[in-house]
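Here is a walk through one protein model, from its strands to its charged side chains. Keep the structure open while you read.

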Amino acid sequence: DVVVNADVIDETTVLCASSPAVSFKGTVDFDVQFDGSLKTSSSKFLYYQSPRIAWVEPSKGSEHGGTVVTIRGTGFRQTEDLRCKFDSAVVMSEWIDSTTVQCETPSHAIGDVELSVSNNAMNFDASIVFKYETLMEPLSIYPSRGSSTGGTIVTLTGSNFRFSSELKCRFDSKVVPAKFTTFSNEISCVTPNSDSLKIAQVSISSNNHDFSKSSLSYEYIRP
């Protein structure tokens with residue numbers, strides 16, 4: 001048996017020092033002693049393998065929050081105390097299986113933060129870097145119309161444009177790869193085909209998840 005110090009908070013609460021380290025996983029008996037002899041009825045305390053994070057998708061998101069991230073790793077437990085923490089902000093997590101959890105980013109200032117996971121909402125052992133960015137916003141598109149068969153190269157100008165390996169244009173619901181040109185600070189992409197003659201809304205994303213809040217109109221015309 002291992003004994004640790006504790007503080008009495010009130011008639012219903014006792015705060016124990018950190019649980020002692022063990023070399024095994026499993027359940028142990030837990031009780032409280034008063035004056036070294038009087039004990040409460042035994043409860044159970046579970047020792048489990050600490051979670052580990054392998055990668056996160058996407059690894060960056062909007063400073064406004066709201067990005068749903070998927071975290072892959074090991075040791076994630078299906079418990080109501082499963083949490084993600086971005087810097088110091090703790091949020092609820094959704095357990096998918098023992099290797100996958102999902103959570104939604106809170107808002108945060110631009111920059112790198114530590115993203116960690118806890119099975120008990122207290123011990124955040126596993127961590128990885130998550131990057132907060134400013135959303136890119138398109139201001140103009142040229143040409144603003146093209147064939148419904150697709151294949152037209154369009155160029156967008158705007159604000160907060162930057163290179164990203166996951167850079168995308170979205171024409172309504174159709175997402176296509178995009179390219180950032182550094183010297184002109186422009187984004188270009190090739191239009192997908194359209195099943196009808198219509199005006200599509202074009203938005204952009206640096207992580208293939210968070211698309212710009214504003215969009216531009218592109219008209220599909222007859223070939």
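The text below takes the sheet, then the salt bridges. The model is predicted.

Start with the sheet. Eight strands make it up, and the sheet is open. Read across, the order is β7-β9-β12-β11-β10-β13-β14-β8. The pairing is mixed. Strands of a sheet pair through backbone hydrogen bonds, and the pairing can be parallel or antiparallel.

Now look at the two edges. β7 (52-57) and β8 (60-62) stand there. Each has a single partner strand, so one side of each is left without a neighbour in the sheet. Across the sheet, neighbouring strands are turned against each other by 35° on average, with direction ignored.

One pair of strands deserves a stop. β9 covers residues 68-74 and β12 covers residues 100-104. The two run antiparallel, and 5 bridges join them. Use T70 as a landmark: Q102 in β12 stands opposite T70.

Next come the charged side chains. How many salt bridges are there? The count comes to 3.

Take R162 and E133 to begin with. Their closest N and O atoms are 3.1 Å apart. R162 sits in the loop between β17 (153-159) and β18 (168-171). E133 belongs to strand β14, residues 126-133. The pair therefore links distant parts of the chain, because 29 residues separate the two. β14 is also a member of the open sheet described above. Are R162 and E133 buried or exposed? Both are buried. That label applies because each has under 20% relative accessible area.

Turn to R145 and E219. Their side chains meet in a salt bridge at 3.5 Å, N to O. R145 is in strand β16 (residues 145-147), and E219 is in strand β22 (residues 216-221). This pair also links distant parts of the chain, 74 residues apart. R145 is partly exposed, at 46% relative accessible area. E219 is partly exposed too, at 31%.

That leaves D172 and K198. The closest N and O atoms of this salt bridge are 3.0 Å apart. Where do the two residues lie? D172 is in the loop between β18 and β19 (174-181). K198 is in the loop between β20 (186-190) and β21 (199-205). The pair so ties together parts that are 26 residues apart in sequence. D172 has a relative accessible area of 31% and is partly exposed. K198 counts as partly exposed as well, at 33% relative accessibility.

Definitions and conventions
Residues numbered from 1 in each chain as written. Predicted model: local features only at pLDDT ≥ 70, side-chain atom pairs only at ≥ 80, totals over all residues. Heavy atoms only, no water. Pairing = 2+ DSSP bridges. Helix = DSSP H or I, 4+ residues; strand = E, 2+ residues; numbered from the N terminus. Axes fitted to C-alpha atoms, helices over the stretch in contact; angles between N-to-C directions. Salt bridge = Lys/Arg side-chain N within 4 Å of Asp/Glu carboxyl O. Buried < 20%, exposed > 50% of the residue type's maximum accessible area, 1.4 Å probe, protein only.
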